[in-house]
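I opened this notebook to keep track of what I looked up, one stop at a time, and to write each finding down before moving on.

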Amino acid sequence: MFESLPGFREFYPSECSRRNHLFQVWRRTAVSFGFQEYDAPLLEPLELYVEKSGAEIVDQLFNFRDKGGREVAMRPELTPSLARMAGARANSLKRPVKWYCIGENFRYEKPQKGRLRSHYQLNCDILGEAGPGADAELIALLVAVLRALGLGADDVVVRLSDRTLWMHYLAAMGLDAASAGGVLGVIDKMERQGRDETIRKLEPWLGAEASDFLIRVEALARIRDLGALRSQLSGHGGNSEAGVLLEGRLAEWEVLLASLEALGVADMVRLDLGVVRGLAYYTGFVFEVFERGEGETRGRAVAGGGRYDHLVEKLGYPALPAVGFGLGDVVLSDLLDEKGLLPAYVSMPDVYVVAGPGDARAAALRGATALREAGYRVEYALRDTGFGRQFRFAGGSGARFAVIFGEEEVRLGAAKIRDMQSGAEEVVPVGRMLEVLGERLG
Ligand code: HAM
């Protein structure tokens with residue numbers, strides 16, 4: 001006997017139907033926002049992820065050497081592949097590029113609630129538009145997907161933050177870009193580790209000031225509106241270049257928040273600088289979706305995304321600003337399940353065809369084919385067997401109608417339609433079978 005690998009799921013039909021439900025809603029909503037579907041390889045050169053995605057993801061790669069001696073990796077995420085694809089056609093693509101993909105990703109993580117070694121993501125990205133209009137469009141799309149699945153402002157929240165703002169803030173404190181990146185890496189983990197540990201991890205950059213700095217970071221992370229953010233930051237960095245950039249950044253925030261309001265999604269979004277995102281390529285606005293808990297948020301992120309304006313260029317292509325998100329199926333399915341928002345699995349034919357022996361069975365199979373071609377879900381017994389068993393199968397299948405091709409009916413060029421609920425029967429010429437069933441099934 002064999003078991004599947006840890007962290008990998010088997011999708012029996014009921015799980016597959018739930019997954020298909022998610023995929024249908026994802027696809028329908030992305031298309032309604034004018035996004036076009038693309039796809040990328042599951043196996044990629046290892047190099048695509050080293051440095052580009054960041055140390056955390058590289059540690060989690062499923063990688064190996066292929067038979068041609070190439071170092072390869074199962075894709076842990078879609079963004080680097082997308083950046084390569086868009087970059088390769090950067091000069092000919094109509095901008096803005098609005099693309100979506102639904103696909104599987106592989107990360108060698110410790111399997112636990114919300115984290116597996118294979119998961120599916122909806123990825124939506126806009127490339128070629130540097131202004132906050134693109135960020136607003138993506139957040140609106142993400143909210144529309146969540147709403148289409150039945151989740152509202154009481155259930156989930158989009159935590160919206162800004163790496164650019166953080167970088168300007170840290171620069172105004174005198175940190176260079178590399179140190180600021182390191183500090184942001186610690187802030188990213190702040191919520192999941194103790195204060196003492198956070199201070200210890202900040203010390204390499206901030207020394208004795210680490211503890212005071214953390215107090216200021218915590219105060220910033222508690223801010224929920226732009227007015228409060230403005231007053232908290234006013235004067236930070238003074239007239240230094242970073243101080244001026246910080247002011248300018250707040251103007252971008254104003255544009256983004258106004259767009260989110262006008263797009264009707266502001267109730268699902270909150271300003272929250274506690275999010276900074278772990279992946280190495282993020283540059284500007286970043287966001288994560290969480291389940292709302294008692295007062296605060298709960299569990300693992302449902303979705304995450306943000307701006308990555310330099311990734312395409314870093315891969316060696318012309319510069320192309322970009323922003324996008326990945327919405328995973330694992331945390332999302334758990335959440336929908338808990339809230340009773342996943343549709344029940346139903347699999348029943350419209351019609352069960354019951355066949356008499358010999359020639360009658362051949363006529364029944366022809367009838368089943370005609371019904372299928374007309375778009376009905378049709379089943380019949382795969383083995384010639386008595387009427388009694390076939391009627392039991394028909395009853396067990398949940399079909400609304402049985403269509404019976406007995407020897408007598410076939411001799412008359414007819415079929416008998418039985419309503420499985422009322423038991424009412426009607427013999428109709430085979431030529432009228434589709435018409436009569438069409439009327440009954442509506
Ligand atoms: P990410 O935050 O690494 O971002 O993943 C996005 C979402 O995928 C997470 O919020 C989570 O729901 C799901 N996810 C990630 N890893 C796992 C796992 N091991 N098990 C279950 N679910 C998981 C990215 O991947 C970025 N590439 C998203 C993006 C697109 N940014 C710009 N465009």
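The entries below go through the model in the order in which I looked things up.

**Entry 1: the model and its domains.** I note at the outset that this is a predicted model. I looked up the domain assignment of the protein chain, which gives domain 1 as residues 13-338 and domain 2 as residues 351-441. I then took the C-alpha centres of domain 1 and domain 2, and they lie 55 Å apart.

**Entry 2: the ligand.** Which residues come nearest to the ligand? I counted 26 residues around the ligand, and Glu-77, Thr-79, Glu-109, Asp-125 and Tyr-282 come nearest. I followed the polar atoms next, and found a side-chain N or O atom of Glu-77 at 2.5 Å from a nitrogen atom of the ligand, while a polar side-chain atom of Thr-79 lies 2.7 Å from a nitrogen atom of the ligand. For Val-302 the partner is a polar backbone atom, which is 2.9 Å from an oxygen atom of the ligand. I also looked up how much of the ligand is covered: on its own the ligand has 660 Å² of accessible area, and the protein covers 97% of that.

**Entry 3: the shell around the ligand.** I asked which strands supply at least two residues each to this shell, and noted strand E6 (118-127), strand E10 (297-307) and strand E11 (322-328). E10 gives the most, with five residues. By residue class, I recorded 10 nonpolar, 10 polar and six charged residues in the shell.

**Entry 4: helix H5.** Is this helix enclosed or open to the outside? I found that seven of the 10 residues of H5 (residues 163-172) are buried, so the helix is largely enclosed by the rest of the structure. The buried residues are Arg-163, Thr-164, Leu-165, Trp-166, His-168, Tyr-169 and Leu-170. I traced what they pack against, and the list holds strand E7 (156-162), helix H6 (177-189), helix H8 (210-222), helix H9 (226-233), helix H10 (241-262) and E9. I checked both ends of H5 as well: at its start, a side-chain oxygen of Asp-162 reaches to within 2.9 Å of the backbone nitrogen of Thr-164, and just after the helix, Gly-174 takes a positive phi of about 100 degrees.

**Entry 5: Arg-270.** I located Arg-270 in strand E8. Its relative accessible area is 11%, which means that Arg-270 counts as buried. I found a polar contact of 2.9 Å between the side chains of Arg-270 and Asp-272. Leaving aside neighbours within four places in sequence, I listed Val-157, Val-158, Arg-159, Leu-160, Arg-224, Arg-292, Glu-296 and Thr-297 as the residues in contact with Arg-270.

**Entry 6: backbone geometry.** Where does Arg-277 sit? I placed Arg-277 in the loop between strand E8 (269-271) and strand E9 (285-292). Its phi is near 75 degrees, a positive value in a residue other than glycine. Arg-277 is also buried, because its relative accessible area is 12% and the cut-off for buried is under 20%. I closed with the peptide bond from Arg-95 to Pro-96, which is cis, with omega near -5 degrees. Pro-96 is found in the loop between helix H3 (79-88) and strand E5 (97-106).

How values were computed. Residues are numbered from 1 along each chain as its sequence is written. This is a predicted model: local features need pLDDT of at least 70, side-chain atom pairs count only at pLDDT 80 or more; totals for chains, interfaces and linings use all residues. Side-chain values use heavy atoms; hydrogens and water are left out. A residue is near a molecule or strand if one of its heavy atoms lies within 4 Å of it. A polar contact is a pair of N or O atoms within 3.5 Å; within protein, one must be able to donate a hydrogen and the other to accept it, and residues adjacent in sequence count only if both atoms are side-chain atoms. Accessible areas come from the Shrake-Rupley method with a 1.4 Å probe; for residues, only the protein chains shown count as cover. Helices (H or I, at least four residues) and strands (E, at least two) are DSSP runs, numbered from the N terminus. Ala, Val, Leu, Ile, Met, Phe, Trp, Tyr, Cys and Pro count as nonpolar, Asp, Glu, Lys and Arg as charged, and the others, Gly among them, as polar. Domain bounds come from an automatic or database domain assignment. Buried means under 20% relative accessible area, exposed over 50%, partly exposed in between (1.4 Å probe, protein chains only). Contact means heavy atoms within 4.5 Å.
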